[in-house]
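Good morning, and thank you for joining this group meeting. I would ask you to look at the sequence and the structure together while I speak.

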Amino acid sequence: MTWLAQAQPLFLAGVFGWSGVLKTLAGDLGGRVAGTALHRLLGGVVAPAAYFLLGVAEIALAVSLLVDPGRATAFAAAVMSGGFIVYLGYAAIAVPRAACGCLSKRKVRQTWRGFARAGLLMASAVVAGAGAGAGAGAGGGMSSAWWDRPSWGAMALVVVAEAALFIALSAELDHLWLYPLRRLRVRVRRPLAGVPDVVPLQASVSVLLRSYAWRRTSHLVASDVLEHWDADGHRILVYNARRPDGGRGTALFAVPLDGDAAAIRFTFIDHTDETSEQEALAAPR
Amino acid sequence: MTTQVDRRRFLTSAALGGATIVGATALGSLAPEAAFGAAAPGVGPGDIDPQFAEGRVTSISGSLIVAAGSDGTLSAIQTTTGTSVWKLTPTSLSAIRPGDGLYARGVRMPDGSLAADALWVNIVSLDAHVANLASDHLDLDHHSSKIKAHVISGVSAAVYNGTPPVTDLSHVPVGGHVHVVGAWRPDTSEIDISTVYAKV
């Protein structure tokens, strides 16, 4: 199983290198850190610098893993992974809604996936360290360095599998694979397409609010929709109304269900003098 | 029920042009309280709007609602048959429950109570990221919180690119951002969708 241990520095170097480059090359460090648990932990002044230095450390670790894979670099990767787990634990307790700020400028909600991802890194570092220890214990005849008598096919398979698992556990990367898959499922299965073909109330209200009739009469309307029903191809909307002189009444709007705003009819039922005036307001077409 | 149908038939004929003289006594229950005739005072910058109240409903006694505001103040809100009540759809006072959140607009009375013209119960308006579409709801991310947004048949509507609302929400983009107006289900992270505004 030497190939399993040999593959781990490659996987870890890829992850830490990628993460480090993202951190160090990111413009607007303050903006990147704002809203993360790191900002809450260290404050707005120190956090951007710490974020940058962490990126430098990750790059250095990635290079070390590539050029000098062994127990020391595996131990360093384990310490880094353990630090991530502690950080995520702090974030989950202190600022549960804060973003991680780990792998992307995308600020996503932290869930169990973040812990599982850090756990994957820790496990990988432990396997790499165990492999390096076994190689050293064999009297130097065996080495766990990835370039030493490698089984390229097996190593590639391990790295690809671990990378796939890592991506699957990274909420920041959902837009690359999870959302496209979900969009495909929605296109195929159309989960919300089987709804009754009715004109929603909001459609009638929207037509009314943009109409000439509303502009002419809205000063009389004192309430939101009191009730509504459909009749003769119209939706009747009932509002409580108030005349400019304080008189009370009811405002009725008959909004065509076909959305023809020019055909909206308005009626004011006056409750003050027990008479009514009706006017049909037709906007110029 | 018959009275309701007769009343609606009567109002329909008025709205569509069949009536020329309508007496208020024929309608009866539509009339709001006389308090609603009061003029509204102006609101200066930084002042509390006297025509507005918000909070969680602590008690309902007849037509009087008491709500505990987010700033700790108690508001007495007087309703009438002319008060509109929105709780996902236009409804009545009987739909309001203790624990509901509400916004009220009306006229401040001399005794400090608010004579409500309109109540919006549990209304929420939020920007969100669409994580998934299911057969009866949307999964939303809002400020790092997961929200289950229920689609209510015949009620929930979608506005795509500013076009008129439709009941087909199947075009809401997974992975996209939307604005949602809906009714919160108290003490849960779930809402019922009134309208989703999306770009497609």
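I begin with one residue, Leu257(A), which is partly exposed because its relative accessible area is 28%, a value that falls between the 20% bound for buried and the 50% bound for exposed. Please keep in mind throughout that this is a predicted model.

Where does Leu257(A) sit in chain A? Leu257(A) belongs to the loop that runs between β3, residues 248-256, and β4, residues 265-270. Leaving aside residues up to four places away in sequence, Leu257(A) touches Val199(A), Asp230(A), Gly233(A), His234(A) and Arg235(A). A further pairing concerns Leu201(A): 56 residues separate Leu257(A) from Leu201(A) in sequence, while their C-alpha atoms are 9.8 Å apart in space.

I turn now to a second leucine of this chain. Is Leu120(A) buried or exposed? Leu120(A) counts as buried because its relative accessibility is 13%, and the cut-off for buried is under 20%. Leu120(A) is placed in helix α5 of chain A, which covers residues 112-137. With residues up to four places away in sequence left out, Leu120(A) is in contact with Phe11(A), Glu162(A), Leu165(A) and Phe166(A). In addition, Leu120(A) lies 49 residues from Leu169(A) in sequence, and the distance between them in space is 9.4 Å from C-alpha to C-alpha.

The third residue of chain A that I wish to show is Arg190(A). Although Arg190(A) is not a glycine, its phi is positive, at about 45°. Arg190(A) is found in the loop joining α7, residues 174-189, to α8, residues 201-209. With a relative accessible area of 30%, Arg190(A) is partly exposed.

Let us step back to chain A as a whole. How many helices and strands does chain A have? Its secondary structure comes to 9 helices and 5 strands. Read from the N terminus, the order of these elements is α-α-α-α-α-α-α-α-α-β-β-β-β-β.

As to overall dimensions, chain A has a radius of gyration of 33 Å, whereas a compact globule of 285 residues would have one near 19 Å. Taken along the principal axes, the box filled by the C-alpha atoms of chain A is roughly 105 × 45 × 30 Å.

Of the 285 residues in chain A, 47% are buried. Among contacts in chain A with a separation of 6 or more, 58% are between residues 24 or more positions apart. The surface that chain A exposes is about 13400 Å², and carbon and sulfur atoms supply 64% of it. The charged side chains of chain A number 27 positive and 20 negative, and 12 Å lies between the centres of the two sets.

We come next to chain B. What is the make-up of chain B in helices and strands? Chain B has 1 helix and 13 strands. Along the sequence, the pattern of chain B is α-β-β-β-β-β-β-β-β-β-β-β-β-β.

Chain B is divided into domain 1, residues 52-121, and domain 2, residues 123-198. The contact between these domains takes 9 residues from domain 1 of chain B and 11 residues from domain 2 of chain B. Over C-alpha atoms, the centres of the two domains of chain B are 25 Å apart.

Of the 200 residues of chain B, 46% count as buried. Among contacts in chain B between residues at least 6 apart in sequence, those joining residues at least 24 apart make up 52%. Chain B has an accessible surface of about 9000 Å², and 57% of that surface belongs to carbon and sulfur atoms.

Two residues of chain B deserve a look. Why does Ser194(B) count as buried? Ser194(B) counts as buried because its relative accessibility is 7%, and buried means under 20%. Ser194(B) lies in strand β13 of chain B, residues 190-198. Not counting residues up to four places away in sequence, Ser194(B) touches Trp86(B), Leu88(B), Val155(B), Ser156(B), Ala157(B), Val181(B) and Gly182(B).

The other residue is Asn161(B). Asn161(B) is a residue other than glycine with a positive phi, near 55°. The loop between β11, residues 157-160, and β12, residues 177-185, of chain B holds Asn161(B). At 47% relative accessibility, Asn161(B) counts as partly exposed.

That concludes the presentation. Thank you for your attention.

Key:
Residues numbered from 1 in each chain as written. Chains lettered and ligands numbered in written order. Predicted model: local features only at pLDDT ≥ 70, side-chain atom pairs only at ≥ 80, totals over all residues. Heavy atoms only, no water. Helix = DSSP H or I, 4+ residues; strand = E, 2+ residues; numbered from the N terminus. Buried < 20%, exposed > 50% of the residue type's maximum accessible area, 1.4 Å probe, protein only. Contact = heavy atoms within 4.5 Å. Rg over C-alpha atoms; globule rule 2.2 N^0.38 Å. Areas by Shrake-Rupley, 256 points an atom, 1.4 Å probe, with all protein chains shown as cover. Lys, Arg positive; Asp, Glu negative; His and termini not counted. Charge placed at Lys NZ, Arg CZ, Asp CG, Glu CD. Domains from an automatic or database assignment.
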